[in-house]
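Colleague: I would like a close look at one part, the largest pocket. Then set the rest of the model around it, with every cut-off spelled out.

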Amino acid sequence: FEIEDNFYGYFIEEEYGKYLKNRLQEKTKEVVEINTYMGYMRGIDYDSKITVENIVLGELQVNPSVYIHLTGRGMSEERCNECVNEIKEELEAMDVQGTYSIGIWDMTEAELLNSTKYKNRIFDGLVKKENDKWKIIVY
């Protein structure tokens with residue numbers, strides 16, 4: 001008898017989000033906020049000592065849902081495409097698992113951080129690995 005849960009995922013979600021934000025902001029300064037949800041993680045096999053490195057190195061069986069929010073106020077279409085490609089390239093380099101939704105908003109950084117509602121989406125899509133290839137899906 002085995003139980004699968006996301007109990008330990010809860011403890012690492014915030015740390016993984018911070019790690020991703022720092023890593024992505026190195027190339028893409030427009031990244032403002034990252035929300036992470038670890039809905040699937042084999043909790044019975046791990047304890048509360050799990051680290052972000054365990055996820056990045058592929059040691060844990062996780063499939064995070066990550067929402068990456070970028071400020072797009074005054075952003076050109078060209079820069080919008082560059083941002084999405086920069087994120088895709090960084091995720092490819094990290095070779096992590098999961099689905100990474102990207103929202104670029106016609107809002108300032110302060111508006112994004114202080115608002116409970118996001119508005120005026122410039123880009124809506126996701127980056128994910130399918131058949132060992134990373135791809136961009138635009139909605």
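Modeller: The largest pocket holds about 150 Å³ of space. A pocket here comes from a 1 Å grid over the protein atoms alone: it is an open set of points where a 1.4 Å probe fits, with protein on both sides within 12 Å along at least five of seven lines. Points are joined across faces, edges and corners, and the volume is the space filled by probe spheres set on them. The model is predicted, so local features need pLDDT of at least 70, side-chain atom pairs count only at pLDDT 80 or more, and totals for chains, interfaces and linings use all residues. Residues are numbered from 1 along each chain as its sequence is written, and side-chain values use heavy atoms, with hydrogens and water left out.

Now the lining. Lining residues have an atom within 4 Å of a point. They are Glu13, Glu14, Gly17, Lys18, Lys21, Glu33, Ile34, Asn35 and Thr36. By class, five are charged, three polar and one nonpolar. Asp, Glu, Lys and Arg count as charged; Ala, Val, Leu, Ile, Met, Phe, Trp, Tyr, Cys and Pro as nonpolar; the others, Gly among them, as polar. H1 and S1 each supply at least two lining residues. H1 gives the most, with five. Helices (H or I, at least four residues) and strands (E, at least two) are DSSP runs, numbered from the N terminus.

Two lining residues, Glu33 and Asn35, lead to His69. His69 is in strand S2. Its contacts (heavy atoms within 4.5 Å) include Glu33 and Asn35, as well as Gly103, Trp105 and Tyr118, leaving out residues up to four places away in sequence. Buried or exposed: which is His69? His69 is buried, because its relative accessibility is 10%. Buried means under 20% relative accessible area, exposed over 50%, and partly exposed in between (1.4 Å probe, protein chains only).

Past S1 comes a loop. Gly39 sits there, between S1 and H2. Gly39 is partly exposed, at 37% relative accessible area. Its C-alpha is 8.5 Å from that of Tyr10, with the two positions 29 residues apart in sequence.

Helix H3 meets the chain at another point. Glu90 belongs to H3. Glu90 is buried, at 9% relative accessible area. Outside four places in sequence, Glu90 contacts Arg23, Leu24 and Lys27. Glu90 and Leu24 are 66 residues apart along the chain, yet their C-alpha atoms are separated by 6.9 Å.

Next, the core. A nonpolar core is a set of buried Ala, Val, Leu, Ile, Met, Phe, Trp, Tyr and Cys residues joined through side-chain atoms within 4.5 Å. The largest one has 30 residues, and Tyr16, Ile68, Tyr100, Ile102 and Ile104 have the most contacts inside it. At least two residues each come from H1 (7-25), S1 (31-37), H2 (52-56), S2 (65-71), H3 (77-94), S3 (99-105) and S4 (121-130). H3 gives the most, with six. In soluble globular proteins, nonpolar side chains tend to be buried together.

Ile104 shows the reach of one core residue. Beyond four places in sequence, Ile104 touches residues including Leu70, Met75, Cys80, Cys83, Val84, Ile122 and Phe123.

Those two cysteines need a check. How many disulfides does the structure hold? Zero. A disulfide needs a pair of cysteine sulfur atoms within 2.5 Å. The closest cysteine sulfur to Cys80 is that of Cys83, 6.8 Å away, so the pair is too far for a bond. Cys80 is buried at 6%. Cys83 is buried too, at 0%.

Last, the backbone. Most residues other than glycine have a negative phi. Asp95 has a positive phi, near 55°. Asp95 lies in the loop between H3 and S3 and is partly exposed at 41%. Asn131, also not a glycine, has a positive phi of about 50°. Asn131 lies in the loop between S4 and S5 (133-138) and is exposed at 75%.

The whole protein has four helices and five strands. From the N terminus they run α-β-α-β-α-β-α-β-β. Of its 139 residues, 42% are buried. Among contacts between residues at least 6 apart in sequence, 68% join residues at least 24 apart.
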